[in-house]
Amino acid sequence: MNTTGLIAQSVNILNCYYKNDIQPFIDAMHEDIHWYGPCDGQIISSRKKLIETFSKENNTLTFELSDMKSKLLWKDKDSCEIVVTFLVDTFYPDNKVIHCNQRVLLNWRQVWIKDENGKWKTEPRIRTCFIANAIPMDSRDVIYPIHFTETPVADHFILPAAAKRISFKGKDNSLLYLAENELIYIKSDGHYTTLHCLHDSFESSEAITALEERFPDLLIRVHKSYLINPSFLKTLRRYEAEMTEGSCIPVSSRRYRDTKEQINQYLEQKKNINN
């Protein structure tokens, strides 16, 4: 493989790419390319799918690249890997600019193709494209970014302490693992139950009475068919509990007084914990 030429081609592809000209990249794609973008969940496989995805892109972003460096990582007879690092400034329509240290890893493979005369020949194609944004490195760190949380940019990544996870038996014999702070309420559906969460609902093979007994500190029985998580209670009135996401849960008349007492106890416990 002519790795010197491929390094130059890689640099040219990226310079064009960030001028919103992706044709050189398209021309160099392997039919079974895997493209890993810099954002969570950006994994696209096949040249056809990647072209389809890019055709839907519609933005007015502009970019400026600087301090570009390229390096051959390894090579063998039919393949090689090249990494290109650079600084990229992304200009947004609201006049904001994002400054990022980016690296792109390209895996090149030789493939057999027919030329215009019908003769077979080999040409290099990009089999894998991996794009990543580098976080700031502290000079005190060696491998792991131990001091990353001390940097201003870390504020955008820091999450609250992980919520306790609880398990349920799924209707299909699976095991469901849910965060306590995701579960809003549970509804009985015959011999089964439906777990209503912030972003989805799940069916469980466990009866509502069994769940009431298993989670006495988390759930309150307000009706023969309903358990609620008081953390998500917005309003309690005769005979209805309105949850923060808008659901209105019936509260049976015989349980109304007990429900009020349990909720008051919950609020008092929460107050004591916070103090």
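A residue is called buried when its relative accessible area is under 20%, exposed when that area is over 50%, and partly exposed in between. In this predicted model, 35% of the 275 residues of the protein chain count as buried. The chain exposes about 17,900 Å². Carbon and sulfur atoms supply 50% of that area.

The overall dimensions come next. The protein chain has a radius of gyration of 28 Å, whereas a compact globule of 275 residues would have one near 19 Å. Along the principal axes, the C-alpha atoms fill a box of roughly 85 × 50 × 35 Å. The chain contains 5 helices and 16 strands. Among contacts with a separation of 6 or more, 43% are between residues 24 or more positions apart. The chain carries 35 positive and 37 negative charges. The mean positions of the two sets are 4 Å apart.

Strand β10 spans residues 192–197. This strand is mostly covered, with 5 of its 6 residues buried. Strand β10 pairs with both β9 and β11. Strand β9, residues 183–189, runs antiparallel to β10 and is joined to it by 6 bridges. One bridge pairs Asp189 with Tyr192 of β10. The two strands form a hairpin with 2 residues between them. Gly190 lies in the turn and has a positive phi of about 70 degrees. On the β11 pairing, 4 bridges link β10 to residues 201–204, again in an antiparallel arrangement. Here Thr194 has Glu203 of β11 as its bridge partner. A hairpin of 3 residues makes the connection from β10 to β11.

A further set of paired strands involves β14, β15 and β16. Strand β14 covers residues 233–237, and strand β15 covers residues 240–243. They run antiparallel and share 4 bridges. Thr235 stands opposite Glu242 of β15. The hairpin of β14 and β15 has 2 residues between the strands. Tyr239 lies in this loop. The peptide bond from Arg238 to Tyr239 is cis, with omega near -20 degrees. Strand β15 also pairs with β16, residues 248–250, through 3 bridges. These strands are antiparallel too. Ala241 stands opposite Ile249 of β16. Their hairpin has 4 residues between the strands, and Gly246 in it takes a positive phi near 110 degrees.

Positive phi values also occur in residues other than glycine. Asn20 has a phi near 60 degrees. Asn20 is placed in the loop between α1 (3–17) and α2 (23–28). Its relative accessible area is 47%, so Asn20 is partly exposed. Ser46 is not a glycine either, yet its phi is positive at about 90 degrees. This residue sits in the loop between β2 (43–45) and α3 (47–55). Ser46 counts as partly exposed because its relative accessibility is 23%, and the limit for a buried residue is under 20%.

Another serine, Ser79, is found in strand β4, residues 79–91. Which residues is Ser79 in contact with, leaving aside its neighbours within four places in sequence? They are Met1, Trp74, Trp108 and Arg109. Ser79 is buried, because its relative accessible area is 6%.

Methods
Residues are numbered from 1 along each chain as its sequence is written. This is a predicted model: local features need pLDDT of at least 70, side-chain atom pairs count only at pLDDT 80 or more; totals for chains, interfaces and linings use all residues. Side-chain values use heavy atoms; hydrogens and water are left out. The radius of gyration is taken over C-alpha atoms; the globule rule is 2.2 Å times the number of residues to the power 0.38. Buried means under 20% relative accessible area, exposed over 50%, partly exposed in between (1.4 Å probe, protein chains only). Contact means heavy atoms within 4.5 Å. Accessible areas come from the Shrake-Rupley method with a 1.4 Å probe; for residues, only the protein chains shown count as cover. Lys and Arg count as positive and Asp and Glu as negative; His and the chain ends are not counted. The place of a charge is taken as NZ of Lys, CZ of Arg, CG of Asp or CD of Glu. Two strands pair if DSSP finds at least two bridges between them.
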